[in-house]
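Visitor: I am new to this structure and should like to understand the terms applied to it. Would you show it to me and explain how each term is earned?

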Amino acid sequence: MTDRLSSTADGLSRAAELLRGGRLVAFGTETVYGLGGDATDPLAVARIFEAKKRPRFNPLISHFADADEAFRHVVPTASARILAERFWPGPLTLVLPRAADGAICDLAAAGLPTAAVRVPAEETALALLRAVGRPIAAPSANLSGAVSPSDADHVLEGLDGRIDAVLDTGPCAVGVESTILDLSGDTPRLLRPGGISVEDIEAVIGPVARVSASKTGQAPVAPGMLTSHYAPGLPVRLNAQSVEADEALLAFGSPLEGARVVWNLSETARLDEAASRLFAGLRYLDREGTRLGCRRIAVQPVPSTGLGLAILDRLGRAAAPRPAVQERSVA
Ligand code: TXA
Ligand code: MG
């Protein structure tokens, strides 16, 4: 059984106690719910992989209550400090060299010389991180390959009985995962578009290199960047200009006519609203579309600026050809 803990002092102290004891607690962040475990404890980290049925040991993001805490475990560059000052707490993850005396365990970093760190912008999450006082590894709290969870019900749909508790902090405000920026090399590289737009980052530190998500035959830079991900059960068709009779519709702005079931990301075509409603919409259309006998989910075009880049990235993966289950290696 997985306990649903409320976002009260009692719920918080129970969650902290579980995490300190090496147990798993999902908790809300501003992006998506994370499946938290002590990043300094290889057993706890192994439990995360097991609970998610993650087929390979991808590196995990470690979460901290503030930048000083984070920078005790990695070596910050000047850009890292500036970005932390500007965007933390917030949906930005920095990949930096691990500090020689850092406590993030090898399994959490998948043996890499670098580690991904972030300070989330959710009050309860921050209070939890402060209470635990250790790096908390937290991939999205879904079964591997499935749609990310943006509320506590979504977490339980996939992980009930597989984790110790979920700390219910309500729906996530941003709704897509953090932007991942690799600062460990000579030039900053965008590994995953996310909640902070690359334009906003470039306004602070200058040009950022984009890394192509799927260069076949090449090892992915961020292992979670493999193509098929965030996949609902129904196939997904992007850039729909019209809807077929047996399709469910993920609309953006003015909805196309003729779908059996519609979820509008944002009637007013706002990208922030669309991001916050994306994963709930994919889940809804998957469930209702299947019930109504739909064959597919059609998706209206979304612009590729600002948060649109993160939305299109997730939709592109949801639409990608599905590899055999054992081939999937995703966050
Ligand atoms: O918004 C988020 O980032 C959420 C919330 C819970 O914080 N977490 C999340 O974690 O999306 P996850 O595990 O689903 O995605 C982490 C990504 C993976 O693609 C992983 O490969 C990449 O971060 N990553 C982690 N450490 C890395 C490293 N040292 N170098 C490159 N990529 C890394
Ligand atoms: Mg994930």
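**Aromatic pairs and a covered strand**

Guide: In this predicted model, Tyr-284 has a relative accessibility of 25% and counts as partly exposed.

Visitor: Why is Tyr-284 called partly exposed?

Guide: Buried requires under 20% and exposed over 50%; Tyr-284, at 25%, therefore counts as partly exposed.

Visitor: What makes Trp-263 count as buried?

Guide: The relative accessibility of Trp-263 is 17%, and the limit for buried is under 20%, so Trp-263 is buried.

Visitor: How many aromatic pairs does the structure hold?

Guide: There are 2 aromatic pairs. In one of them, the ring centres of Phe-71 and Trp-88 are 5.6 Å apart and the planes stand at 35°.

Visitor: Why is the pair of Phe-71 and Trp-88 called tilted?

Guide: Centres must lie within 6.5 Å, and planes under 30 degrees apart would be stacked, over 60 edge-to-face. With 5.6 Å and 35°, Phe-71 and Trp-88 therefore form a tilted pair. Phe-71 is buried at 12%, and Trp-88 is buried at 10%.

Visitor: What makes the pair of Trp-263 and Tyr-284 tilted?

Guide: Their centres are 5.2 Å apart, with 45° between the planes; this angle is neither under 30 nor over 60 degrees, so the pair is tilted. Trp-263 belongs to strand 14 and Tyr-284 to helix 8, so the pair ties together parts 21 residues apart in sequence.

Visitor: How do you know that both faces of strand 2 are covered?

Guide: Val-25 and Phe-27 on one side, and Ala-26 and Gly-28 on the other, are all buried.

Methods. Residues numbered from 1 in each chain as written. Chains lettered and ligands numbered in written order. Predicted model: local features only at pLDDT ≥ 70, side-chain atom pairs only at ≥ 80, totals over all residues. Heavy atoms only, no water. Buried < 20%, exposed > 50% of the residue type's maximum accessible area, 1.4 Å probe, protein only. Helix = DSSP H or I, 4+ residues; strand = E, 2+ residues; numbered from the N terminus. Phe/Tyr/Trp six-rings, centres within 6.5 Å; stacked < 30°, edge-to-face > 60°.
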